Amino acid sequence: MTAPDLELHGVALAYGGQPVLAGVNLRVEAGQVLGVLGRSGSGKSTLLHVLAGLLEPDTGEVCLSGRATTTRERRGQSGFVPQRPSLLPWRTVLGNLTLALELRGERGPGARRRALDLLAQFNLAEAANLWPYQLSGGMGQRVAVLRAALFARDLLLLDEPFSALDALTRLEFQRWLAGLHAEWRPTVVLVTHDVREALALCDRVVVLGGKPARVVLERGNLPTLRSPGADPRPLEGELLTALLGQERP
Ligand SMILES: Nc1ncnc2c1ncn2[C@@H]1O[C@H](COP(=O)(O)OP(=O)(O)OP(=O)(O)O)[C@@H](O)[C@H]1O
Ligand SMILES: [Mg+2]
């Protein structure tokens, strides 16, 4: 698969009769980064689970590269990093990475080589033989992203990957992620509640709001705001207003 474009039409979902998503429409071009903003409990993780094929929406369509997909089809097509990713404590970093390849039926020295190459490429070579408990928070997040990318690197679904990190580590990890994106050009859906983070990393953003949630604001062309002399503050203000203007879900 090459990086797909992604389109949602009227995706709605309720948990046990309690509606959470109400007809979400959105679109992200192939190889671009979409930021999904929303207050806590607005349904961001739920939306990502739908994209990852882990939850079946009640209604609506999720199209990849212009084709409507079933939940089951989507399950193998993305590298998903959940909000609290867990590396398997009984496997080293290398073992956690080769796991993603094993799930794809790749084993043996070839798989090991690929995982080691990837660790070297993204500055984690020295972590290969460490156990998860020996990693810093930032390293753990990087390994979780690489593991997801080894499983399926053309579509990455990242649920608040920065939230547990301190400010400096967060910045480093953001740069690292931007580097990975520049290298591979995957389509990325990045859930965050940080407006600045979204402005720094995304091509377009949507704000989820309302109860049940829908897209209340959508803005594209974010890279133009990162060019010299551009002023991101008006959009920052607009996004914050959209976020804070929402009733607490
Ligand atoms: N498995 C579940 N069963 C029932 N309700 C759920 C389930 N998962 C989430 N919810 C509810 O659905 C709503 C949306 O939850 P979700 O986790 O998608 O929000 P979120 O935007 O990711 O929040 P946060 O920013 O805190 O991670 C919340 O009211 C939550 O309590
Ligand atoms: Mg969440």
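A residue counts as buried when its relative accessible area is under 20%, as exposed when that area is over 50%, and as partly exposed in between. By that rule, 49% of the 249 residues of the chain are buried. Keep in mind as you look around that this is a predicted model.

**The chain as a whole**

Let's begin with the overall picture. Nine helices and ten strands make up the secondary structure of the chain. Its C-alpha atoms fill a box of roughly 50 × 45 × 30 Å along the principal axes. A compact globule with 249 residues would have a radius of gyration near 18 Å, and the chain agrees, because its own value is 18 Å. Contacts tie together remote parts of the sequence: among those between residues at least 6 apart, 68% join residues at least 24 apart. The accessible surface of the chain is about 11,800 Å², and carbon and sulfur atoms account for 51% of that.

**The magnesium ion and helix 1**

Next comes the metal site. The magnesium ion (ligand 2) has two protein donors, S45 through OG and Q83 through OE1, at 2.0 to 2.3 Å. These donors come from distant parts of the chain, 38 residues apart: S45 sits in helix 1 (residues 44-51), while Q83 belongs to the loop between strand 6 (79-81) and helix 3 (93-102).

How covered is the helix that carries S45? Helix 1 is mostly covered, with six of its eight residues buried. Those six are K44, T46, L47, L48, V50 and L51. S45 itself has a relative accessible area of 22%, so this donor is partly exposed. Just past the end of helix 1, G53 adopts a positive phi of about 80°.

**Four residues compared by cover**

The two magnesium donors can be set beside two other residues, A152 and Q174, that are worth a visit.

| Residue | Relative accessible area | Class |
|---|---|---|
| S45 | 22% | partly exposed |
| Q83 | 31% | partly exposed |
| A152 | 10% | buried |
| Q174 | 13% | buried |

A152 is found in the loop that runs between helix 5 (137-151) and strand 7 (155-159). With a relative accessible area of 10%, under the 20% cut-off, A152 is therefore buried. Setting aside neighbours within four places in sequence, A152 makes contact with G76, Q77, S78, G79 and R104. Of these, G79 is 73 residues away in sequence, yet the C-alpha atoms of A152 and G79 are 4.8 Å apart.

Q174 is part of helix 6 (residues 167-184). Beyond its neighbours within four places in sequence, Q174 is in contact with F162, E197, A200 and L201.

**Helix 9, a helix with two sides**

Finally, have a look at helix 9 (residues 233-244). Its twelve residues should span 16 Å at 1.5 Å a residue, and the end C-alpha atoms are indeed 16 Å apart. The buried residues in helix 9 are L235, E236, L239, A242 and L243. They lie on the same side of the helix, because they cover an arc of only 130° around its axis. R233, P234, T241 and L244 are exposed on the other side of helix 9.

What do the buried residues of helix 9 pack against? Their partners are strand 3 (33-38), helix 7 (195-201), strand 9 (204-209), strand 10 (214-219) and helix 8 (222-225).

Technical notes:
Residues are numbered from 1 along each chain as its sequence is written. Chains are lettered from A and ligands numbered from 1 in the order in which they are written. This is a predicted model: local features need pLDDT of at least 70, side-chain atom pairs count only at pLDDT 80 or more; totals for chains, interfaces and linings use all residues. Side-chain values use heavy atoms; hydrogens and water are left out. Helices (H or I, at least four residues) and strands (E, at least two) are DSSP runs, numbered from the N terminus. The expected span of a helix is 1.5 Å times one less than its number of residues. Buried means under 20% relative accessible area, exposed over 50%, partly exposed in between (1.4 Å probe, protein chains only). The arc is that of the directions from the helix axis to the C-beta atoms. Contact means heavy atoms within 4.5 Å. The radius of gyration is taken over C-alpha atoms; the globule rule is 2.2 Å times the number of residues to the power 0.38. Accessible areas come from the Shrake-Rupley method with a 1.4 Å probe; for residues, only the protein chains shown count as cover. Donors are N, O and S atoms within 2.8 Å of the metal (3.2 Å for Na, K and Ca); water is not among the atoms, so sites may look incomplete.
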